[in-house]
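Hi everyone, thanks for making time for this one. Have the sequence and the model open while I talk, and stop me whenever something is unclear.

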Amino acid sequence: MSTVGATSAADAAGDARRATQVFGRVVVVGGGCYGGYYVRQLLRAERAGALTWQELVVVDRDPACAVSMLTDADRPSRLQLVVASWDDFFAEFLPADTGDVERVTDAIVPSPLMPHLMADWLAARARARWPGRSVRIAPIAELPSIPWQRSGEDGTRYVSFAEWICPINCIEPARCPHTRGPRTWSLPVALNSRVPELRGEPQATPLLFHCTHRAYGVGMIDVRDVILADVTIAARGAAGAAAFVVGTVSHCHGALRCITIGTP
């Protein structure tokens, strides 16, 4: 499954005509084949004036990953490779102090193969905030209206409206490149209306991070949304037991996890 999608000459030209998108730090998860592809596409976007950033960070455990092998001609400006595990990196990268959330301009480029890292971070934050309370991952019931679903060993449910293999560079346009018909589905819309179905409990709160196409086939989620989710968990958990359906989703694909907070 892929969270980003099919570019064309027209798409690229459209990216170039729009105002330049300005980011603080852009973090690419993984420096292998997917990360290398995204970095090369970000270089194209930078050269076209579609995107700019203060830092471009690629995170991988392997110091000899594909991104490390890029030639100077294939390296975007202000590119940095951080050798670390993804969990360790985000524990340092994502701020514990929310500060002025609306001024946060950082973004994350997820890998199609990454675990549910944002849910991991939120659960770790909740455990640190309430060391004496139960913070656990609860099973998510199957959604009958979404055709492809699988459950991972860590409690994550992977879902997709696509029952076919999507290309890594699909931008999920209004007309699906596979069916050649209108894309009548959107996971953020579907999941926001079906949280009671997911949990069987109407009090569960949806916290969805929408990975959207930014330029040249690269999808991102905004860090401010992750921080605001942590703020929501802190507020609702302080009032008592709470449940949250955390999802990193595009229009077509997603990874869902339910985090429950026990009573004080």
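**A walk through the strands, a helix and a pocket**

Let's start at Glu172, which sits in the loop between E7 and helix H5 (187–192). Those labels come from DSSP: helices are H or I runs of at least four residues, strands are E runs of at least two, and both are numbered from the N terminus. Before I go on, this is a predicted model, where local features need pLDDT of at least 70 and side-chain atom pairs count only at pLDDT 80 or more, while totals for chains, interfaces and linings use all residues. Residues are numbered from 1 along each chain as its sequence is written, and side-chain values use heavy atoms, with hydrogens and water left out.

Back to the loop. Is Glu172 buried or exposed? Glu172 is buried, because its relative accessible area is 8%, and buried means under 20%, exposed means over 50%, and partly exposed is in between, using a 1.4 Å probe and protein chains only. Glu172 also has a positive phi of about 55 degrees, although it is not a glycine. That catches the eye because most residues other than glycine have a negative phi.

Arg78 has a positive phi of about 55 degrees too, and it is not a glycine either. You'll find Arg78 in the loop between E2 and E3. With a relative accessible area of 44%, Arg78 is partly exposed.

Now for strand pairing. Two strands count as paired if DSSP finds at least two bridges between them. Strand E6 (residues 148–151) and strand E7 (residues 157–160) run antiparallel and are joined by 4 bridges. Trp148, for example, has Ser160 in E7 as its bridge partner. These two strands make a hairpin with 5 residues between the strands, and in that hairpin Gly155 takes a positive phi near 90 degrees.

Follow E7 onward and you get to strand E12 (residues 253–261), antiparallel to E7 and joined to it by 4 bridges. There, Arg157 is partnered with Leu256, and Ser160 with His253. Strand E5 (residues 135–138) also runs antiparallel to E12, again with 4 bridges, and Arg136 has Thr260 as its partner. Then there is strand E11 (residues 242–249), which pairs with E12 in the antiparallel sense over 8 bridges. E11 and E12 form a hairpin with 3 residues between them, and Gly247 stands opposite Leu256.

How many residues of E12 are buried? The count is 9 of its 9. Both faces are covered, with His253, Ala255, Arg257, Ile259 and Ile261 on one side, and Gly254, Leu256, Cys258 and Thr260 on the other.

Next, the open sheet. This one has 6 strands in the order E3-E2-E1-E4-E10-E9, with mixed pairing. Its edge strands are strand E3 (79–83) and strand E9 (212–215), each pairing on one side only. From one strand to the next, the twist averages 35 degrees; for angles like this, axes are lines fitted to C-alpha atoms, for helices over the stretch in contact, and angles run from 0 to 180 degrees between N-to-C directions. H3 packs on the sheet, touching strand E1 (21–29), strand E2 (51–60), E3 and E4, and its direction makes about 150 degrees with that of E1. Contact here means heavy atoms within 4.5 Å.

Within the sheet, strand E4 (residues 107–109) and strand E10 (residues 218–222) pair in the antiparallel sense over 2 bridges, with Ala107 partnered to Asp222. Helix H7 (residues 223–238) lies across E4 and E10, running at about 30 degrees to E10.

H7 is also where Arg236 sits. Arg236 is partly exposed, at 46% relative accessible area. Leaving out residues up to four places away in sequence, Arg236 touches Thr205, Ala242 and Phe244. Arg236 and Ile261 are 25 residues apart in sequence and 9.4 Å apart in space, C-alpha to C-alpha.Last stop: which residues line the second largest pocket? They are Trp86, Asp87, Phe90, Ala91, Leu117, Asp120, Trp121, Ala124, Arg125 and Ala128. Helix H3 (86–93) and helix H4 (117–129) are the elements that give two or more residues to this lining, and H4 gives the most, with 6 residues. A pocket, on a 1 Å grid over the protein atoms alone, is an open set of points where a 1.4 Å probe fits, with protein on both sides within 12 Å along at least five of seven lines, and lining residues have an atom within 4 Å of a point.
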